[in-house]
Amino acid sequence: MRFLAVPQLTLRRLNAVFSAGSVRRFGRMRLVQFCHKVAEGIVRVGVEQDEGQGIVDLKAFDPSMPSTMREFLELGPKGMDCAKRALSSGQNVLPRSDIRLLSPVTNPEKVVCVGMNYKDHCLEQNAPIPKEPIIFSKFPCSITGPNDDIILPDESQEVDWEVELAFVIGRKGKHIKEEEALSYIAGFTVANDVSARDWQMKRNGKQWLLGKTFDTFCPLGPALVTTDSLKDVHKLGIRCFVNGATVQESNTNQMIFQTEKVVAWVSQFVTLYPGDVFLTGTPPGVGVFRNPPVFLKPISSELIPKRIVEIFLLRRKEMSWSVRLMRSDRYATQSCNGEIFYID
């Protein structure tokens, strides 16, 4: 694979594609958090209809529903039942053009990440397979939505991509048994563990936290796909494209510690709460381990006024999650949009 020299070329396009087999038709939902464009400060929870259709406003359907996803998840089955009724009713539907999608979850108590969790990712860096999950975190302020900017900080010259499958906790738990762990997960989404490699690997004692948690370094969304929608989350193909070239390609069956193990492991140490976000690791093909390394760089607004960075999550034949993620810095500003849709 050929890459142009970074000083002459900005990486303009980042596509990550997940593909998989079938999903269960019954009860599948795509929950979103949004605000009306005419009332930016008012947050709402909604359910996405099928491709090209609108968003059902849950609070408009039932005024007793809360306004944020975290509060919605705290309702447990009551909230999910309301969402299913609202989706079936066909009422209180907003066109996409009237809303702005936010991250599916904002202000979680925790953002938990798993490092070195793909066998093939360990192999690409000649690292041993971990014996137990390697856990680190991002601060909640790193989360940004599917239509928001990702800010490239002046403090880092080595910003890298890491597309990951993410999930969100749906109910409180401590010392969760592995065989019961899936019942604690509300749903899955897609994330980008944006990483400043210079801060992660060379500075601050080589601790990972600062390099992982700059503001906007956790794009998330656009939707939370409920757990009962998925047949097997550990049989998802995962691919990443940069400038149209495949840079990451693997399958979630390469995960060393699967979802249930991660939930059980982390819950030994901390209580999990509704809205807590987990990132499950990235496959091989990140920029830092290329020869030479490739990083995202700013561009001059005089040359190219807009740049688009796209991440797609695609489930073969059945379901597609799509989010475009923008970066902005002192040289350039980008705009974006996102959507989730079925492919039947």
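**Enclosure of α7 and the setting of G275**

In the predicted model, the buried residues of α7 pack against five named strands, namely β7 (111–115), β8 (134–138), β12 (163–169), β13 (185–192) and β19. The buried set within α7 consists of T259, E260, V262, V263, A264, W265 and V266. Because seven of the eight residues of α7 are buried, this helix is largely enclosed by the rest of the structure.

The loop between α7 (259–266) and β19 (277–279) contains G275. The relative accessibility of G275 is 0%, and this residue therefore counts as buried, the cut-off for burial being under 20% relative accessible area. When neighbours within four places in sequence are set aside, G275 is in contact with L73, V105, P108, V168 and I169. A further spatial relation links G275 to F167: the two residues are separated by 108 residues in sequence, whereas their C-alpha atoms lie 9.4 Å apart in space.

At the level of the whole chain, the secondary structure comprises seven helices and 22 strands. The chain has 344 residues, of which 57% count as buried. Among contacts between residues at least 6 apart in sequence, 75% join residues at least 24 apart. The area exposed by the chain amounts to about 14700 Å², and carbon and sulfur atoms supply 51% of this area.

How values were computed. Residues numbered from 1 in each chain as written. Predicted model: local features only at pLDDT ≥ 70, side-chain atom pairs only at ≥ 80, totals over all residues. Heavy atoms only, no water. Helix = DSSP H or I, 4+ residues; strand = E, 2+ residues; numbered from the N terminus. Buried < 20%, exposed > 50% of the residue type's maximum accessible area, 1.4 Å probe, protein only. Contact = heavy atoms within 4.5 Å. Areas by Shrake-Rupley, 256 points an atom, 1.4 Å probe, with all protein chains shown as cover.
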